[in-house]
Number of protein chains: 2
Amino acid sequence: MRAVTDRLTHLRSDARDNRERILEAARAVFAADGLDAPMRKIARTAAVGPATLYRHFPTKQELVTEAFSERMRACYVVVDEGLADPDPWRGFSTVIERLCELQSRDRGFTAAFMSSYPGAMDFAADRGHALGSFAALARRAKEAGRLRADFTLDDLILVLMANGGIQAPSPAARVAASRRFAALAVQAFRASPDAAPLPPAARLAFVAA
Amino acid sequence: MRAVTDRLTHLRSDARDNRERILEAARAVFAADGLDAPMRKIARTAAVGPATLYRHFPTKQELVTEAFSERMRACYVVVDEGLADPDPWRGFSTVIERLCELQSRDRGFTAAFMSSYPGAMDFAADRGHALGSFAALARRAKEAGRLRADFTLDDLILVLMANGGIQAPSPAARVAASRRFAALAVQAFRASPDAAPLPPAARLAFVAA
DNA sequence: AGTCAAACGGACGGTGGCGTCCGTTAGCGT
DNA sequence: ACGCTAACGGACGCCACCGTCCGTTTGACT
């Protein structure tokens, strides 16, 4: 870690500048067009030559990882805040709603969070931690009798993947649709005396792009 | 319609043959790779030159429309069968489950059913009819007090789009995940004394690809 | 101010999908 | 059996994206 920091600090001023502009452009373009946006477009948006882009981020994975690390952290914050809620069910619902909202605002984020990109190893640790926290939250919500007992972590992945499939003519409409979807998901997860049993969960994590 | 039939019957035998093989190939490729599979691949699968493919189906829309019209009909059958069920709630649930299953087995089908392709006008009529039937079914399920009153047709679209976002390492896993998802959706739509109100529905229909 | 290497970006060759042209093949009707 | 034309498909030019090379610029250090 020390070495990396050194390397970044030792960058020439224009290089550090460009690097920052590239990351900003990547976030904007990925949010608008999804993860498969052409590298060129990001370079153009950053007002930078293709070579410069590739020099800073030799592979698209590295760019994605770097560009989304901030939002990824926001994601973990959401989970931790949910965990901190004294009412575990309210915490649980809020996490689902906020994660869906984060995703719906940013087309690329979904895929990134899924760590669809193999080799986005940098995320793995934090992701594992967030999933752990969420598992604890779910357990408490179950113990409080508010979350259905057959809820699985894979159901969270399922909902987030499904949420990622939602399209709409405008970003605003997509956010609205996603909001309703999240509310429906919460309804589905609610413990209820007359709830029907669910078919078995499928192992989902770590799908390749 | 008469003219079209004539034109098709008047096709030379090899042409009719190729046309059939192209449609078969298109179904296979679309199912495996989704709607954005390259035309070339379909031509190769059908053991046909590109020109032949384009002669039969000048635009991808036409090919999609033609290739999926059969499954599309299967889709309407599902809705009609649901409508025929004396128990409207069971009918409703079954329709959701079966539609999700149809979709999960065929990557291209989702997009096709959404009529994401503008200009797939041929579907419009049938689609309208199916949506009408489903609306009637939903109304009856509401009147029976089993379906939540704030359910909208757009919620069906929402669920189907979301279902389309589900990915998994293997087709089998995707079907399993989709099955569980459908069950969750049904739970969410169930009328319940302690159900929370939902955020407003968003107009979704006819999203461009 | 002068030097030097770090950083830049225009330009290139390669790949893959697209839709069309046109010389060739082979069904069909006489 | 024969000719006519519908139908075929290889080959072409086009365009977008990819990743890299290399001549030029410019920040940093003395």
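Here is a short chat about reading a helix pair and a DNA surface in this predicted model.

Biologist: At what angle do helix α9 and helix α10 of chain A pack?

Modeller: Picture a line through each helix, then compare the two directions. Helix α9 (residues 153–164) of chain A and helix α10 (residues 171–189) of chain A pack at about 155°, with axes 11 Å apart. Angles over 145 degrees count as roughly antiparallel, so α9(A) is roughly antiparallel to α10(A).

Biologist: Is the crossing of α9(A) and α10(A) left-handed or right-handed?

Modeller: α9(A) passes α10(A) in a right-handed crossing.

Biologist: And which residues of α9(A) meet α10(A)?

Modeller: From α9(A) you have Asp155(A), Val159(A), Ala162(A) and Asn163(A), which meet Ser178(A), Phe181(A), Ala185(A) and Phe189(A) of α10(A). Sorted by class, that contact has five nonpolar, two polar and one charged residues.

Biologist: Now the DNA. Which residues come nearest to DNA strand D?

Modeller: There are 20 residues around strand D, and the nearest are Arg40(A), Tyr54(A), Arg12(B), Asn18(B) and Arg55(B).

Biologist: What parts of DNA strand D do the side chains of Arg12(B), Arg55(B) and Ser13(A) reach?

Modeller: Go one by one, looking at N or O atoms. Arg12(B) has a side-chain N or O atom 2.4 Å from a base nitrogen of strand D. For Arg55(B), the partner is a phosphate oxygen at 2.7 Å. For Ser13(A), a sugar or linking oxygen lies 3.1 Å away.

Biologist: Which element gives the largest share of the surface near DNA strand D?

Modeller: That's α4(B), with four residues. By class, the surface has eight nonpolar, five polar and seven charged residues.

Conventions
Residues are numbered from 1 along each chain as its sequence is written. Chains are lettered from A and ligands numbered from 1 in the order in which they are written. This is a predicted model: local features need pLDDT of at least 70, side-chain atom pairs count only at pLDDT 80 or more; totals for chains, interfaces and linings use all residues. Side-chain values use heavy atoms; hydrogens and water are left out. Axes are lines fitted to C-alpha atoms, for helices over the stretch in contact, and angles run from 0 to 180 degrees between N-to-C directions. Angles under 35 degrees count as roughly parallel, over 145 as roughly antiparallel, 65 to 115 as roughly perpendicular and the rest as oblique. A crossing is left-handed if the near helix is turned anticlockwise from the far one by less than a right angle, and right-handed if clockwise. Contact means heavy atoms within 4.5 Å. Ala, Val, Leu, Ile, Met, Phe, Trp, Tyr, Cys and Pro count as nonpolar, Asp, Glu, Lys and Arg as charged, and the others, Gly among them, as polar. A residue is near a molecule or strand if one of its heavy atoms lies within 4 Å of it. A polar contact is a pair of N or O atoms within 3.5 Å; within protein, one must be able to donate a hydrogen and the other to accept it, and residues adjacent in sequence count only if both atoms are side-chain atoms.
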